[in-house]
Amino acid sequence: MARYQFQVVYFEATRRCNLRCPFCMTGSNDARTVRESFRNELTLQEIRDRILLPARRLNVHTIGWSGGEFLMRRDALELLRLTVDLGFRCSVLSNCKKLTRERLEAIRDATRGHARIVVGLNAVDEENRWSRDSESDRTLRVLKDCLELGIGQHVVVTIGKYNTESFEKTVEFIVKHNIAYNRSPLVPRGSGSRCFGEMGFDRSDLERHFHPALRRNPHGYVSYTPFFLSPELHAQVSGGARNNTVPQNPAIGCWAGTWLTVNAEGEVSVCPVLLDVLSAGNVRDRPIDELVEASALFADITDRSRLKGRCGRCRYQYTCGGCRAMAFFHNGDYMGEDPTCFFDPLERSTVSEHEEETNRVFKKYLLVARAAGVYQPPKSSRSPEPPPPEPAKT
């Protein structure tokens, strides 16, 4: 059995795209980048043999197809059929331009009803056009079509200074329509480097605007930091499930250490926003399971006892973990403290004023997670021990 166990492979299967978002992290708005990438895209056979089949040995249950615009691959539907034939669930992250009702029906049929459509929506008003190069009305139309066709939906909101004021309104709309969502940080990957200094959020933005809305809504508990969940509570409800030290069943806080991410050329990393800048190797050299097993990057990222600074002395070291991307992009150290976090623990016993609320809403999230198939109550009623209280010697 593999040493590590992951839940999701997020695969940016192409950098080709039919939009030109101003801070596209895959560089899909740069013609030269796209041309060079297209010549080196993984083929269907390489994807099957070097990613999908080996991913089963890592206990992966979901393949998330993304881009660029994944649907610009001519073999997109064939890849979706293969995904389901191999026993995976699948998600399709799309900018919606190609998602006509007919295309949605084709995706539903190719996946035998097991696909989920993931869309980017940074605001429910005109602000969406600046950051997404698309009117929000088109995205909302696709979400409505998915509902009518019985296709699962998910929304990704990329957060930065440009949507501090509109974020709560966007979240309220998503929750009103009973859609799961997650936030993703604006980062200086690809074209994001042009505006990260001006548009990247800081700890004040997080504390005043984004975090209050996130922690009130269980539909968004899939992944965000800081996450003030009692480690004792997670250990109890999860049965102590971990990937090394990263909590699972369900995964919470920073998802680095829970999923595998791959770019169009086959480079593997620990988070979508860290692709192209942190690599554990290329699947053309070794299948993804072998890469992960041999990777110093994954050995680090799955061992939160190695976290430094405030993250290393925090009560929520394991149930949160701090955003590894923010640590890297601000300080150059992916195991350093998260500088966008507004919690300043004096020592490990320091309890956040938000823990009680987080615990309460987390229990509601468990119902959502169980319905989505990403949480199973432990068979034993015995409460396991929480994660180790002190960092290990390295």
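The buried residues of helix α15 pack against two other helices, α9 (203-216) and α10 (231-238). The model described here is predicted. This briefing covers α15, then α9, then the empty spaces found in the structure.

**Helix α15**

- Helix α15 runs over residues 355-371, which makes 17 residues.
- From its first C-alpha to its last, α15 reaches 24 Å, close to the 24 Å expected at 1.5 Å a residue.
- A kink of about 25 degrees is centred on Lys 364 in α15.
- In the first part of the list of buried residues of α15 stand Glu 355, Glu 357, Thr 358, Asn 359 and Val 361.
- The list of buried residues in α15 also includes Phe 362, Tyr 365, Leu 366 and Ala 369.
- An α-helix has 3.6 residues a turn, so residues three or four places apart point the same way.
- Just after α15 comes Gly 373, with a positive phi of about 80 degrees.

**Helix α9**

- The end C-alpha atoms of α9 are 18 Å apart, which agrees with the 20 Å that its 14 residues should span at 1.5 Å a residue.
- At Phe 210, α9 bends by about 50 degrees, and Pro 212 follows within four residues.
- Both Phe 210 and Pro 212 are buried.
- Other buried residues of α9 are Asp 205, Leu 206, His 209, His 211, Ala 213, Leu 214 and Arg 215.
- The cover over the buried residues of α9 includes the strands β5 (152-159) and β6 (180-185) and the helices α7 (167-176) and α15.

**Second largest pocket**

- The volume of the second largest pocket is about 210 Å³.
- Gly 373, the residue with the positive phi just after α15, is part of the lining of this pocket.
- Val 374, Tyr 375 and Gln 376 also line the second largest pocket.
- Elsewhere in the sequence, the lining includes Gln 5, Phe 6, Gln 7, Asn 59 and His 61.
- Arg 242, Gln 248 and Asn 249 are also among the lining residues of this pocket.
- By type, the lining of the second largest pocket divides into 3 nonpolar, 8 polar and 1 charged.

**Cavities**

- Rolling a probe the size of a water molecule over the atoms shows where empty space is left.
- Across the whole structure, a search finds 3 cavities of 30 Å³ or more.
- The largest cavity holds about 130 Å³ of space.
- Of the 16 residues that line the largest cavity, Arg 310, Cys 311, Cys 314, Cys 320 and Cys 341 are the closest to its centre.
- The lining of the largest cavity divides into 11 nonpolar, 3 polar and 2 charged residues.

How values were computed: Residues numbered from 1 in each chain as written. Predicted model: local features only at pLDDT ≥ 70, side-chain atom pairs only at ≥ 80, totals over all residues. Heavy atoms only, no water. 1 Å grid on protein atoms, 1.4 Å probe; cavity = no way out; pocket = protein on both sides within 12 Å on 5 of 7 lines; lining within 4 Å. Points joined across faces, edges and corners; volume = space filled by probe spheres on them. Nonpolar A, V, L, I, M, F, W, Y, C, P; charged D, E, K, R; others polar. Expected span 1.5 Å × (residues − 1). Bend = angle between axes of the 7 residues up to and from the residue. Buried < 20%, exposed > 50% of the residue type's maximum accessible area, 1.4 Å probe, protein only. Contact = heavy atoms within 4.5 Å.
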